[in-house]
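Welcome! Please take a look at the sequence and the structure below, and then we can walk through them together.

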Amino acid sequence: MQSIKRVGRYRLVRVIGSGAFATVWLGDDPALEVPVAVKVLADNWVNNADVVERFLAEARMLRRIDDPRVVRVFDVGVSEAEARPYFVMEYVPGGTLADRIGTLSPADALIFGVATAEAVQVLHDAGVVHRDLKPSNLLLDDRVTPPRLIVSDLGSAKLLAEASGITVTTGTPSYMAPEQINQSAGFDARADVYAVAAVTYHLLAGEPPFSHRTAASVVHRAPDSRPVPVAAQVGRPAALDSLLARALSWDPAARPASATEFARGLSRFVPEGADGPEPTAPARELPGAVVVAGCVLLAALCFLLTYLVLA
């Protein structure tokens with residue numbers, strides 16, 4: 001994979017992400033003279049028609065959603081030299097939310113938590129469950145202020161694993177809802193609500209809510225376990241701990257029913273004015289008596305100045 005220098009018209013500059021099924025490159029579009037992100041299928045999967053179809057399905061899904069909170073796809077193709085499918089996305093220059101952990105104020109952590117939940121709701125409205133939300137899949141566009149949060153990598157590893165016939169639990173244990181471990185039970189959008197809460201907790205506390213390193217540790221977690229309270233640590237009301245604990249519940253039915261519901265609950269803890277400049281208060285009309293008194297005083301001052309000049 002490292003030997004590839006070009007796919008289609010796109011020059012590949014350096015690797016910016018990789019996984020079992022694909023590699024993401026920083027690329028250059030010479031026609032438009034802009035940087036792009038190019039996702040290229042790994043060479044050992046190019047002859048698997050099901051994997052190729054699922055790979056391209058992610059591109060079509062991203063294109064169909066077409067929302068500024070979800071990474072945009074511009075082009076798809078197959079490299080002529082090596083017959084590898086690829087798709088071209090917007091390049092987001094501000095890194096990922098993972099790069100900001102440990103540097104955020106509590107207010108900014110909460111703001112990014114709300115933004116993540118709102119972006120995830122866009123996916124759910126399109127009928128998509130992400131399945132692998134984590135800070136490194138949340139891009140930050142720092143060309144605008146405040147940075148725009150963008151969701152990427154729509155669970156493609158899960159889709160590709162299914163297409164390849166591999167039996168695998170995909171996801172990142174620190175952010176993975178327990179029901180994702182049981183392949184037969186299924187899961188819904190509330191698994192993403194769990195992941196958003198886990199990401200938000202990590203941003204606030206500097207570490208994930210539970211010390212899961214493997215899928216086995218997730219499934220063996222005590223159902224009544226709760227994360228260590230964090231609200232007092234970040235100077236917010238105890239109700240924040242209750243919201244996070246509910247969203248991180250073992251039982252999906254105990255969680256907020258949607259990402260929107262979680263976003264609304266979380267936004268209550270964002271300090272007033274922290275999500276942008278406060279609106280300027282409208283000018284108040286002065287009482288008539290005050291206006292008259294001001295005019296009388298101004299006239300007296302003018303008379304006094306005239307007297308001093310002529311004296």
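Helices (H or I, at least four residues) and strands (E, at least two) are DSSP runs, numbered from the N terminus. With that in hand, Asp-66 can be placed in the loop between helix 1 and strand 5. This is a predicted model, in which local features need pLDDT of at least 70 and side-chain atom pairs count only at pLDDT 80 or more, while totals for chains, interfaces and linings use all residues. Residues are numbered from 1 along each chain as its sequence is written, and side-chain values use heavy atoms, with hydrogens and water left out.

**The chain as a whole**

The protein chain holds eight helices and eight strands. Of its 311 residues, 44% are buried; buried means under 20% relative accessible area, exposed over 50%, and partly exposed in between (1.4 Å probe, protein chains only). A contact means heavy atoms within 4.5 Å. Among contacts between residues at least 6 apart in sequence, 61% join residues at least 24 apart.

**The six-stranded sheet**

In which order do the strands of the open sheet of six lie? The order is 1-2-3-4-6-5, and the pairing is antiparallel. Two strands pair if DSSP finds at least two bridges between them. Strand 1 (6-7) and strand 5 are at the edges with a single partner strand each, so one side of each has no neighbour in the sheet. Strand 1 runs antiparallel to strand 2 (residues 10-18), and two bridges join them. Here Val-7 is opposite Tyr-10 of strand 2. Helix 1 (residues 49-65) packs on the sheet and touches strand 3, strand 4 (34-41), strand 5 and strand 6 (85-90). The direction of helix 1 makes about 20 degrees with that of strand 6; axes are lines fitted to C-alpha atoms, for helices over the stretch in contact, and angles run from 0 to 180 degrees between N-to-C directions.

Two residues of this sheet are worth a visit. Asp-29 belongs to strand 3 (residues 22-29). Is Asp-29 buried or exposed? Asp-29 counts as buried because its relative accessible area is 2%. Its side chain reaches the backbone nitrogen of Ala-31 at 3.0 Å, a polar contact (a pair of N or O atoms within 3.5 Å; within protein, one must be able to donate a hydrogen and the other to accept it, and residues adjacent in sequence count only if both atoms are side-chain atoms). Leaving aside residues up to four places away in sequence, Asp-29 touches Arg-9, Tyr-10, Val-34 and Val-36.

Val-76 lies in strand 5 (residues 73-78) and is partly exposed, at a relative accessible area of 46%. Not counting residues up to four places away in sequence, Val-76 touches Ala-59, Tyr-86 and Phe-87. The C-alpha atoms of Val-76 and Arg-60 are 9.0 Å apart, with the two residues 16 apart along the chain.

**Loops with unusual backbone**

Most residues other than glycine have a negative phi, and most peptide bonds are trans. Here are two residues with a positive phi.

| Residue | Loop | Phi | Relative accessible area |
|---|---|---|---|
| Glu-33 | between strand 3 and strand 4 | near 60 degrees | 69%, exposed |
| Asp-66 | between helix 1 and strand 5 | near 45 degrees | 51%, exposed |

A cis peptide bond joins Thr-145 and Pro-146, with omega about -5 degrees. Pro-146 sits in the loop between strand 7 and strand 8. These two strands form a hairpin with six residues between them. Strand 7 (residues 138-141) pairs with strand 8 (residues 148-151) in the antiparallel sense over four bridges, and Leu-140 has Leu-149 as its bridge partner in strand 8.

**Helices against helices**

Helix 2 (residues 106-125) and helix 7 (residues 259-267) pack with their axes 8 Å apart, at an angle of about 165 degrees. That makes the two helices roughly antiparallel, since angles under 35 degrees count as roughly parallel, over 145 as roughly antiparallel, 65 to 115 as roughly perpendicular and the rest as oblique. Residues making the contact include Leu-110, Gly-113 and Val-114 of helix 2, and Phe-262 and Leu-266 of helix 7.

Helix 6 (residues 239-247) has Leu-240, Asp-241, Leu-243, Leu-244, Ala-245 and Ala-247 as its buried residues. They pack against helix 2, helix 4 (190-205) and helix 7.
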